[in-house]
Amino acid sequence: MLITGASKGIGAATAERFFYADNDVTDFILLARESEEFEKLIARLGGDNPHGKKVYPHFIDLNDRARIVGLMHDVMNEAGKVDYLVNNAGYTAPSALQQIDFIDFERTIGVNLYAPFTIVQELLHCGNTFELIVNIASTAGMGGRPGWLTYGASKAAVINMSEAMKDELSIYGTRVVCISPGRCATDLRRTLAPDEDPTTIMQPEHVASVIDMLASDVGHLVDSQNLVVRQ
Ligand SMILES: NC(=O)c1ccc[n+]([C@@H]2O[C@H](COP(=O)([O-])OP(=O)(O)OC[C@H]3O[C@@H](n4cnc5c(N)ncnc54)[C@H](OP(=O)(O)O)[C@@H]3O)[C@@H](O)[C@H]2O)c1
């Protein structure tokens, strides 16, 4: 299982959900930049490993396309196969239209759209066939909101890209599901809504449980263009 944005929030909750379950997911390729939070997660998984699973952490800036290409070859050498891919990493710096810095717009598209595309394409080039790809978009991609232009546009593109992936990869037996979470208590949400009380909204574990369901036998019954997950 490969999870991007695994250092915290929804990605970390998903990693822990699958790691601590007695299931057939034995190897975890976890991607994020170097941080204290990521180090703590890696240490936690290493120190409490009831089912003897393997964790392969990789520090990477997903805005660096060349590094993603190289890393996917390393991942294939290391793990041999990626059955479950969770394209979860996300970035936003909300800004009014007049103040949008174009470099930041490029970064938003780079992390939110080009990175998941590149991961899927490179692993396909390496001969990988996925069982399940989960792309995390957002309800922000389903309608424009003031100040969220770059983020919303990137997520709208993820929703659309997922539909094309779903159709193109069905011949390999790959299921592609796009999830659009609503408000979820994470650092990213705090960036978008700094005054909100995080205890009143959906928690990362809730989204992780939906991803878990998608990977289960019941998940095969979900045939969705864009699965909205919100409280
Ligand atoms: N929270 C919400 O309300 C909400 C709603 C809808 C959709 N989403 C989506 O859910 C996904 C997970 O976000 P979250 O809410 O769990 O936020 P989060 O806790 O802030 O986590 C974001 C993750 O993305 C990673 N990331 C960001 N920029 C990166 C970069 N340049 N290179 C590598 N990794 C990078 C972060 O890793 P680093 O440690 O490297 O920063 C972190 O692991 C995102 O796609 C987000 O858009 C969230």
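**A short tour of the fold, its cores and its ligand site**

1. Let's start at the very first residue. Setting aside neighbours within four places in sequence, M1 is in contact with T14, F18, V25, D27, F28, I29, Y84 and V86. Please keep in mind as you look around that this is a predicted model.

2. M1 is also a good way into the interior. The largest nonpolar core has 31 residues, and M1 is listed with L30, V134, I179 and I211 as having the most contacts inside it. Two or more residues of this core come from each of α1 (9–19), β2 (27–32), α2 (36–47), β4, β5, β6 (175–181) and α7 (204–215). Another core lies apart from this one; it has 30 residues, including I68, V120, I159 and M165. As general background, nonpolar side chains tend to be buried together in soluble globular proteins.

3. Next, the sheet. It is open and built from seven strands with parallel pairing, and you can trace them in the order β3-β2-β1-β4-β5-β6-β7. Why do β3 (54–59) and β7 (227–229) each have one side without a neighbour in the sheet? These two strands stand at the edges with a single partner strand each, so nothing in the sheet flanks their other side. From one strand to the next, the twist averages 15°.

4. Within the sheet, the pair β4 and β5 is worth a closer look. Residues 84–87 make up β4 and residues 132–136 make up β5, and the two strands pair in the parallel sense over four bridges. You can find the register from two of the partners: L85 is bridged to I133, and N87 is bridged to N135.

5. Is β5 mostly buried or exposed? Five of its five residues are buried, so the strand is largely enclosed by the rest of the structure. In a regular strand, side chains alternate between the two faces of the sheet. Here both faces of β5 are covered, with L132, V134 and I136 buried on one side and I133 and N135 buried on the other. V134 will be familiar from the largest core, where it is among the residues with the most contacts.

6. Which helix lies across β1 (2–4), β4 and β5? That is α4 (residues 102–125), and the helix runs at about 160° to β4.

7. Now for the ligand, which has 29 residues around it; S7, R33, N88, Y151 and T186 come nearest. Some backbone atoms also deserve a look here. A polar backbone atom of L62 is 2.8 Å from a nitrogen atom of the ligand. For ligand oxygen atoms, there is a backbone N or O atom of C184 at 2.8 Å and one of G90 at 3.3 Å.

8. Two residues with partly exposed side are easy to visit last. D197 sits in the loop between α6 (187–192) and α7, and its relative accessibility of 40% makes it count as partly exposed. The side chain of D197 makes a polar contact with the side chain of T199 at 2.8 Å. D197 is twelve residues from A185 in sequence, while their C-alpha atoms are 8.6 Å apart.

9. H206 belongs to helix α7. With a relative accessible area of 40%, H206 is partly exposed. Its C-alpha is 9.8 Å from that of P181, and the two residues are 25 apart in sequence.

Technical notes:
Residues numbered from 1 in each chain as written. Predicted model: local features only at pLDDT ≥ 70, side-chain atom pairs only at ≥ 80, totals over all residues. Heavy atoms only, no water. Pairing = 2+ DSSP bridges. Axes fitted to C-alpha atoms, helices over the stretch in contact; angles between N-to-C directions. Contact = heavy atoms within 4.5 Å. Core = buried A, V, L, I, M, F, W, Y, C linked by side-chain atoms within 4.5 Å. Buried < 20%, exposed > 50% of the residue type's maximum accessible area, 1.4 Å probe, protein only. Near = heavy atom within 4 Å. Polar contact = N/O pair within 3.5 Å; in protein donor to acceptor, adjacent residues only side chain to side chain.
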